[in-house]
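Visitor: Could you take me through the charged pairs in this one, slowly, and then show me what surrounds them? I'd like the numbers along the way.

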Amino acid sequence: MNMASGFSKVVFWLLVLGNILGAIFGFTYWYGPQLMRTSVLYWVFVATCPLYALLFIVCAFMIYFRKKNSFLFFITAVGLIKFGVWTVIFWSVYNGTPIASWLFYWLVISHSIMALEACVLFSRIEFKKWHLVAAWVWFGLTDYMNYSLKFITNKVTIAPREMYVAIALTVFVPLVAYWLVKVFRYRNWKILI
């Protein structure tokens, strides 16, 4: 199923634009003050959601220009799913300081889309087993930096249950992404351009 119609190209570029806006919002408004207080060396562990929005933009341009990097596509897909799903779960059960309703809906909708847009990458990944190991190591390190060294957002209070959800996602999302790569490639599904 190759969806290279004019409609799918419009959707593809809307996703790119949405990720540009999401990355700008995330790096400036949501994480900006925290990034300014954190060494540049640790920024990849602070602003995780905008990082994967930015990586999706890079992957989208690589797809557009017919370039491939299966490892980058896989890590980006895992990050999109992990942080997209985690954020939706977090805001669905969060009982802390209230935020504006528009911000709540923006976070839930944008992160749901973030998790789904990983589908654009699956059929373009030539999976290697080491991708799975690298994903577990990278996202395990991210969890360690976020929850043990406290690099996670300081805009809200993170309870232990959110840490356990993140760790579970670190274990299971790479496996789900691996399975989805196999399904998409076997069925020759190309989502969007």
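Guide: Glu162 is buried, since its relative accessibility is just 4%. This is a predicted model, by the way, so read each value as computed from predicted coordinates. The salt-bridge partner of Glu162 is Arg161, with the closest N and O atoms 3.0 Å apart. Arg161 is partly exposed, because its relative accessible area is 41%. So this pair joins a buried acid to a partly exposed base.

That is one of three salt bridges in the count. Take Asp143 and Lys82 next: their closest N and O atoms are 3.1 Å apart. Asp143 sits in helix H8 and Lys82 in helix H5, so the bridge ties together parts that are 61 residues apart in sequence. Asp143 counts as buried because its relative accessibility is 7%, and Lys82 is buried as well, at 1%. For both, the cut-off that matters is 20% relative accessible area, as anything under that is called buried.

The remaining pair to look at is Lys68 with Glu126, again with 3.1 Å between the closest N and O atoms. These two come from distant parts of the chain, 58 residues apart: Lys68 belongs to the loop between H4 and H5, and Glu126 to the loop between helix H7 (119-122) and helix H8 (129-148). Lys68 is exposed, with a relative accessible area of 53%, whereas Glu126 is partly exposed at 38%.

While you're in the loop between H4 and H5, have a look at Phe65, which is found there too. Phe65 is exposed, with 54% relative accessible area. Its C-alpha atom is separated by 41 Å from that of Tyr94, a residue 29 places away along the chain.

Now hop over to helix H8, where Trp136 has its place. The C-alpha atoms of Trp136 and Lys68 are 22 Å apart, with their positions 68 residues apart along the chain. Trp136 is partly exposed, given its relative accessible area of 32%. Leaving out neighbours within four places in sequence, Trp136 is in contact with Thr170, Val171, Pro174 and Leu175. Two of those contacts have a polar side to them. The side chain of Trp136 reaches the backbone oxygen of Val171 at 2.9 Å, and a polar atom of that side chain lies 3.5 Å from the backbone oxygen of Thr170.

A similar reach to the backbone shows up at Gln34, in helix H2 (residues 32-36). The Gln34 side chain gets to the backbone oxygen of Phe151 at 3.1 Å. Gln34 is buried, with a relative accessible area of 6%. Beyond its neighbours within four places in sequence, Gln34 is in contact with Val46, Phe151, Ile152, Thr153 and Asn154.

Back to helix H5 for the aromatics. The structure holds 21 aromatic pairs. In one of them, Tyr52 and Phe83, the ring centres are 5.5 Å apart and the planes meet at 25 degrees, so the pair is stacked. The cut-off behind that label is 30 degrees, since planes under that angle count as stacked. Tyr52 is in helix H4 (residues 48-64) and Phe83 in helix H5 (residues 70-93), so here too distant parts of the chain are linked, 31 residues apart. Tyr52 and Phe83 are both buried. There is also an aromatic cluster made of Phe25, Tyr29, Trp30, Trp86, Phe90, Trp91 and Trp106.

Trp106 turns up again on the outside, in a nonpolar surface patch of about 780 Å² that it makes with Val10, Leu14, Leu17, Ile20, Leu21, Ile24 and Trp102. Helix H1 (6-30) and helix H6 (101-116) are the elements that give two or more residues to this patch, and H1 gives the most, with six. For a sample residue, pick Leu14: its place is in helix H1, and it counts as exposed because its relative accessibility is 51%.

Note on methods. Residues are numbered from 1 along each chain as its sequence is written. This is a predicted model: local features need pLDDT of at least 70, side-chain atom pairs count only at pLDDT 80 or more; totals for chains, interfaces and linings use all residues. Side-chain values use heavy atoms; hydrogens and water are left out. Helices (H or I, at least four residues) and strands (E, at least two) are DSSP runs, numbered from the N terminus. Buried means under 20% relative accessible area, exposed over 50%, partly exposed in between (1.4 Å probe, protein chains only). A polar contact is a pair of N or O atoms within 3.5 Å; within protein, one must be able to donate a hydrogen and the other to accept it, and residues adjacent in sequence count only if both atoms are side-chain atoms. Contact means heavy atoms within 4.5 Å. Patches are made of residues with over 30% relative accessible area and no salt bridge: like charges are joined within 9 Å, nonpolar side chains (Val, Leu, Ile, Met, Phe, Trp, Tyr) within 5 Å. Accessible areas come from the Shrake-Rupley method with a 1.4 Å probe; for residues, only the protein chains shown count as cover. A salt bridge is a side-chain nitrogen of Lys or Arg within 4 Å of a carboxyl oxygen of Asp or Glu. Rings of Phe, Tyr and Trp (its six-membered ring) pair if their centres lie within 6.5 Å; planes under 30 degrees apart count as stacked, over 60 as edge-to-face and the rest as tilted.
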